[in-house]
Amino acid sequence: MNIILLGPPGAGKGTQSDYLRDTFKLTKLATGDMLRAAVAAGTELGLQAKQVMAEGKLVSDDIMIGIIRDAISDQNCPNGFILDGFPRTTAQAEALDVMLAEVGKKLDFVIELKVDDAEMVNRISGRFSCKQCGAGYHDTFKQPAKAGVCDSCGGTEFSRREDDRAETVAKRLEAYHAQTAPVAGYYAKTGTLKGVDGMAEIGEVTKSLEKILGEKKAA
Ligand code: AP5
């Protein structure tokens, strides 16, 4: 099963794609996570991406398409993939179509998390994640069961993203509306797009996604 999750910064793509990865045994391909790993490792890609991300802008299509081309192979995604953060421009969506045709794959679901921009700043400013395993939390909406201890791995150190400062979030939202919102229109034309109310409580959003994905759950 191959899925794209669309939505602006803070819509819940990462939160929901973690759940779908674990439940449906999919490979999660989150381009933001890949770029942050490259920045942390100081690779050439990381050096190119660091400043662009800090400014809330998009990394170039050529770089992003190259990353995903390598990632969607059968070897890397034996049960299918969930794309979180890609495609982010119409050019990336068109390139993905070509790549999928080349490897004989197709998209099963493109799901847009529909949210209000104003609330996204609150969501992003309260976000933090486990330094050890990357599990995501929120100061108000998703706290660890035991304060200061990661539910997933027991880690006790957490971090906040550099691009989650309010002024950068505003720039990321601008980039979303200018460059990424048209991607939903691209998939609406092909009839693959479905919308979900991303303003609902986290568990309710998950239920809406499960309803769409239906009975394809892995054994
Ligand atoms: P990326 O890492 O992809 O960031 P993003 O798209 O801006 O999305 P976020 O990770 O901020 O939000 P999310 O939707 O995953 O929300 P989350 O689940 O964490 O990209 C970062 C940067 O990398 C880009 O700006 C760009 O520079 C570059 N980049 C990446 N891909 C690229 C590409 N393809 N092309 C070019 N450049 C690219 O939720 C947010 C918070 O809210 C969490 O704390 C969560 O607990 C909470 N929450 C989630 N759902 C709910 C809910 N329903 N109710 C209440 N709280 C909730």
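# A walk through the model

Start by selecting strand β5 (residues 127-130) together with β7: these two pair in the antiparallel sense over 2 bridges. Helices (H or I, at least four residues) and strands (E, at least two) are DSSP runs numbered from the N terminus, and two strands count as paired if DSSP finds at least two bridges between them.

Before moving on, some housekeeping. What you have open is a predicted model, where local features need pLDDT of at least 70 and side-chain atom pairs count only at pLDDT 80 or more, while totals for chains, interfaces and linings use all residues. Residues are numbered from 1 along each chain as its sequence is written, and side-chain values use heavy atoms, with hydrogens and water left out.

**Stop 1: the open sheet**

Add β6 to the selection and you have 3 strands in an open, antiparallel sheet, ordered β6-β5-β7. β6 (136-138) and β7 (158-159) are the edge strands with a single partner each, so one side of each has no neighbour in the sheet. For a bridge to zoom in on, try cysteine 130, whose partner in β7 is phenylalanine 158.

**Stop 2: β4 and its parallel partners**

Now select strand β4 (residues 109-114). It is mostly covered, with 5 of its 6 residues buried (buried is under 20% relative accessible area, exposed over 50%, partly exposed in between, with a 1.4 Å probe and protein chains only). β1 pairs with β4 in the parallel sense over 4 bridges, and leucine 6 has glutamate 112 as its bridge partner in β4. Strand β8 (residues 193-197) also runs parallel to β4, joined to it by 5 bridges. There, isoleucine 111 is bridged to lysine 194 of β8.

**Stop 3: two helices with a buried face**

Which residues of α2 are buried? Pick Thr31, Gly32, Leu35 and Ala38. Looking down the axis, they fall within an arc of 125°, so they line one face of α2 (the arc is that of the directions from the helix axis to the C-beta atoms). An α-helix has 3.6 residues a turn, so residues three or four places apart point the same way. Flip to the other side of α2 and you find Ala40 and Ala41 exposed. The buried residues of α2 pack against β2, α3, α4 and β3. Just after α2 comes glycine 42, with a positive phi near 70°.

Next, helix α4 (residues 61-71), where Met64, Ile65, Ile67, Ile68 and Ala71 are buried. These cover an arc of only 160° around the axis, which puts them on the same side of α4. Asp62 and Asp70 are exposed on the face turned away from that side. The packing partners of the buried residues are β2 (27-30), α2, α3, β3 (81-84) and α5 (90-102).

**Stop 4: a pocket and a neighbouring threonine**

Show Arg36, Val39, Ala40, Lys50, Met53, Ala54, Arg161, Glu162 and Asp163: they line the second largest pocket, which has a volume of about 250 Å³. α2 (31-41) and α3 (44-54) each supply at least two of the lining residues. By class, the lining has 4 nonpolar, no polar and 5 charged residues. (Ala, Val, Leu, Ile, Met, Phe, Trp, Tyr, Cys and Pro count as nonpolar, Asp, Glu, Lys and Arg as charged, and the others, Gly among them, as polar.)

A word on the geometry: on a 1 Å grid over the protein atoms alone, a cavity is a set of points where a 1.4 Å probe fits but cannot get out, and a pocket is an open set with protein on both sides within 12 Å along at least five of seven lines; lining residues have an atom within 4 Å of a point. Grid points are joined across faces, edges and corners, and a volume is the space filled by probe spheres set on the points.

Then select threonine 168 in helix α7 (residues 166-190). Is threonine 168 buried or exposed? Buried, with a relative accessible area of 6%. Leaving aside neighbours within four places in sequence, its contacts (heavy atoms within 4.5 Å) are Met53, Ala54, Glu55, Gly56 and Asp163.

**Stop 5: the cavity and a cis bond**

The count comes to 1 cavity of 30 Å³ or more, and the largest cavity holds about 70 Å³ of space. Its lining includes Leu5, Leu6, Pro87, Tyr176 and Thr180; β1 (3-6) and α7 are the elements that give two or more residues to it. While Pro87 is on screen, check the peptide bond from phenylalanine 86 to proline 87: it is cis, with omega near 0°. Proline 87 sits in the loop between β3 and α5.
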